[in-house]
Amino acid sequence: MNDGRTLRPDGGDGLAPITAADIATQTGGRIVGDPSTAVCGIAPLDRATPDDLSFLAHRRYASWFADTRAGIVLVSPQFAELPGPAATRIVVDKPTDAMVGLLARFHRRERRSSGVHHTAQVGDGVRLGAEVSIDAFAVIGNDVTLGDRVWIGAHATVGEGSRLGADTRVHAGATLYPRVDAGERVVVHAGARVGREGFGFVPRNDGVLRIPHVGRCVLEHDVEIGANSCIDRGSIDDTVIGAGTKIDNLVHVAHNVRIGRGCFLAAQVGIAGSARIGDGVQLGGQAGVNGHITIGARAILTGQTGVIGDVPPAEMWSGYPARPHREQMRSAAALSRIARLVRPLERMLGREERA
Amino acid sequence: MNDGRTLRPDGGDGLAPITAADIATQTGGRIVGDPSTAVCGIAPLDRATPDDLSFLAHRRYASWFADTRAGIVLVSPQFAELPGPAATRIVVDKPTDAMVGLLARFHRRERRSSGVHHTAQVGDGVRLGAEVSIDAFAVIGNDVTLGDRVWIGAHATVGEGSRLGADTRVHAGATLYPRVDAGERVVVHAGARVGREGFGFVPRNDGVLRIPHVGRCVLEHDVEIGANSCIDRGSIDDTVIGAGTKIDNLVHVAHNVRIGRGCFLAAQVGIAGSARIGDGVQLGGQAGVNGHITIGARAILTGQTGVIGDVPPAEMWSGYPARPHREQMRSAAALSRIARLVRPLERMLGREERA
Amino acid sequence: MNDGRTLRPDGGDGLAPITAADIATQTGGRIVGDPSTAVCGIAPLDRATPDDLSFLAHRRYASWFADTRAGIVLVSPQFAELPGPAATRIVVDKPTDAMVGLLARFHRRERRSSGVHHTAQVGDGVRLGAEVSIDAFAVIGNDVTLGDRVWIGAHATVGEGSRLGADTRVHAGATLYPRVDAGERVVVHAGARVGREGFGFVPRNDGVLRIPHVGRCVLEHDVEIGANSCIDRGSIDDTVIGAGTKIDNLVHVAHNVRIGRGCFLAAQVGIAGSARIGDGVQLGGQAGVNGHITIGARAILTGQTGVIGDVPPAEMWSGYPARPHREQMRSAAALSRIARLVRPLERMLGREERA
């Protein structure tokens, strides 16, 4: 925790300097230089100050290393003796991994508000667990249940009858429509819209009729929904996001979709209605999945893939219409080569026809 | 309406059980079993309880039918006698259609708030029709006109001078920029942004100048704008969404675009500036339309289509660059076949050249 | 400024009629007709009233000209004498440019609120410049610094420790996560999410671990972020949007991305983590850029382009996988032609094999 006295714009908290000796111990690295050198932030080589830890993992950044002002640099073994101004180095096998492992040491946790802000509107019949935080101007509908340590951000709305498990967090301005069911440790980022009645209409003589949506919207444990993403509720079935599945920003998940456990959906992915996504599936940015399609477990779709039929488990597919990635790449290469042959082929076939 | 006493997570209201006899009457079906069996919710076969109505329309779900606990099942004629635990069945020609027709019976209408919440901020010169609802923390600008039964959700903003027709609803956290013109029965979902000044700049010596936007943003009767979608106002013309057009989540409509009546825009569609979309056009998810293009009436663009030129009326186009769907599919198939011919062709043409 | 008395739906302020003589002076045009004719709004030919200025730049709109009710029409020289009801015309070389130059005269500036609204929540240690406006229900975190004339819209949140330069505007419902750094004259539109911790996870035995994000999110001077767009903060580096770069609606920029100065990102563009975008790059709508890729300065990517490798400076690329636009178009044309050759080629090669 942080008392806010020494804000640093780069996010280091400036309160707990860490020594080279300490870093070497945590990373299992070898110190070259002064073990008492201390840093209190992290920065890339080109903008690090003497108070910062940095890292050099690839020769392409060697020129930055030559000029860096970083106090300590994590380096891979081949750079242990590389000339450069950084007097203190810590030699580790994988500097990037070591850096990621250290990030939590430099990370300033957001200060948690405590209790229910006096401006928040809390409905009737709401059940609050222990240590729940509700920020300014949040609106909690009737009969909502919030588990222990749930944190509802400013301007968020939690619709009537919704249930949120322990340690779940809803960020600023997110909307949970009525009767959303979220497990424990779920994160809903700013501006996400969860549980809207989906996009379903049936034609009538006098226009179209909206299909009523009686299904639920279920986010299982440890699900994360990115900023401004939209997860619609089910019409005649539920929409379910499986445990541990992580969804990035601006993603659309339509009604009745079922996503398995441990999936990753990158930003701007779109899943049309009633699609089934197996466990451990990875969808690249801007990929789209047609309605009523099944994506097998552990399949990988690369960015912008457009899926119009079922995808078998554990395969990598790409392109539009989506095909196995290897085929897609082979076709793209063939197309490049064939483009050069079109004219001679047309000439040749013309001769054949005349012959 | 619902008094909130008996919330059920699946959205049935639990207050008005419906008997098999009643369902048979409404659907024109034939009862097999006990006409007095009653249900109060809807669920797919695999998770239905004895209190639920379910349906079996396709042989592929027959195994679920064998184990279902559903109280009543709508079945098509060929499954009327299918062995299974569901004692009460209603035989109808199209179980899915029958189900959709019944949804409204099981749907719990959201409880409407009444009047203007004491936290809402209402500007000067605002005209409110009868039975208008304005929820907590909503902000209504000066000189806004709201028709009868308009419902403004929590944290929504309605910009100065906007006019909303009767029965229009703006959901939580949506933003109407100043001077938006919305007809009757319009629905603006959570987080939608309507009437922003569009993305237009002209180069200047000292950078770029934003083009002022003096056009309006007009949503005609019965338009629906999905969650987090963005509809920009016009610069020198209006942006107009025609009557009855339904727009899904995360859609972008740029300045000066005119969309006809009765169109459907699926999620994540993008329409660039000054495009003209005819009546009854259907745009699949993630489709994109270039600026200043005309899409003819009743044209259909499949998902992810990228349109860079005009599309004639009533045709189905797909792919990038968009072409008639049939041509696109033929090319994709040809490409697969040609990929296998590239090497022999290159060899043959090489021989020809040497000859 | 406008006192709100005479609202006009087309956005003209109705307060300052402008005469043909005045328009001719400003545009350097020649008057045909009565120099004292006055207008107070702008509209296209087909819906202009006698109080409106309109323009005719292309023969295709000549039929509208024949019926227009516009009070004054800007016309190019070849239409100076075109028969039509518009008695007063102003002949200019480029009517569209002239129109854009005049827009500011007809544009009704949004009335700026003054001071801090009594419902806004302002944290401890906040530093406010001169003439700052903070609208209803905005939430300003602790230790935030707002420069002169900063304007924070209704329901916006500015996270702890953020710093905003002079004349920056944050529209309704936008979220600045903690420690965002915005320069002067920055515009953040409604519902944009700036500075979220990005989408980064490392596998663990018991699931995945979120990578802490210690980098900043920096918006340099004159940056504009469109409605509902998402700009994530950096993990081990900063996310930086260069000075003067304009970003449209629903765009995603992932962690550690660096975008140069004077770029244009059209709506629904997605940039994956750690990509580097040079100065003056233009990205068409729905274009996607893979992670860790470099786009050279002044490159142009057309709409829906999917970039999976580096793009050299100043080239135009398109398609998926992205290639130089000219090659892409050549391949598309070749594919159309080759589709007609597949069957004869297969037949011919079959004969060859049998021969």
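Start with chain A and colour it in two pieces: domain 1 covers 18-106 and domain 2 covers 115-327, with the bounds coming from an automatic or database domain assignment. Between the centres of domain 1 and domain 2 of chain A, taken over C-alpha atoms, lie 40 Å.

A word on what you have open: this is a predicted model, where local features need pLDDT of at least 70, side-chain atom pairs count only at pLDDT 80 or more, and totals for chains, interfaces and linings use all residues. Residues are numbered from 1 along each chain as its sequence is written, while chains are lettered from A and ligands numbered from 1 in the order in which they are written.

**Stop 1: the sheet in chain B**

Switch to chain B and show strands. Helices (H or I, at least four residues) and strands (E, at least two) are DSSP runs, numbered from the N terminus. You'll find an open sheet of nine strands, paired in parallel, in the order 10-13-16-19-24-27-30-33-36; pairing here takes at least two DSSP bridges between two strands. Now pick strand 10 (127-128) and strand 36 (294-295) of chain B: they are the edges, each with a single partner strand, so one side of each has no neighbour in the sheet.

Next, zoom in on strand 13 (residues 145-146) and strand 16 (residues 163-164) of chain B, a parallel pair held over two bridges. Click Leu146(B) and you'll see Leu164(B) of strand 16 opposite.

**Stop 2: where chain B touches chain A**

Bring chain A back. Contact means C-beta atoms, placed from the backbone, within 7 Å. The contact takes 52 residues from chain B and 51 residues from chain A. On the chain B side, select helix 3 (95-106), helix 4 (325-339) and helix 5 (342-354), the elements that give two or more residues. That side divides into 24 nonpolar, 20 polar and eight charged residues (Ala, Val, Leu, Ile, Met, Phe, Trp, Tyr, Cys and Pro are nonpolar, Asp, Glu, Lys and Arg charged, and the others, Gly among them, polar).

Try superposing the copies, by least squares on C-alpha atoms of residues with pLDDT of at least 70 in both. Chain B lands on chain A after a rotation of 120° with 0.0 Å of shift along the axis, at RMSD 0.1 Å. That is the relation of a three-fold axis. Only 19% of the interface residues of chain B are also interface residues in chain A, so the copies meet through different surfaces.

Now isolate helix 4 in chains A and B. Their axes are 9 Å apart and pack at about 80°; axes are lines fitted to C-alpha atoms, for helices over the stretch in contact, and angles run from 0 to 180 degrees between N-to-C directions. That makes the two helices roughly perpendicular. Show side chains for Arg330(A), Ser331(A), Ala334(A), Leu335(A) and Ile338(A), which meet Leu335(B), Ser336(B), Ile338(B) and Ala339(B). The residues of this helix contact divide into six nonpolar, two polar and one charged.

**Stop 3: where chain B touches chain C**

Swap chain A for chain C. Here the contact takes 51 residues from chain B and 51 residues from chain C. Which element of chain B gives the largest share of the side that touches chain C? Helix 4 of chain B does, with six residues.

Finish on helix 4 of chain B and helix 4 (residues 325-339) of chain C, whose axes come within 9 Å and cross at roughly 80°.

Definitions and conventions:
Contact = placed C-beta atoms within 7 Å. Parallel < 35°, antiparallel > 145°, perpendicular 65-115°, else oblique.
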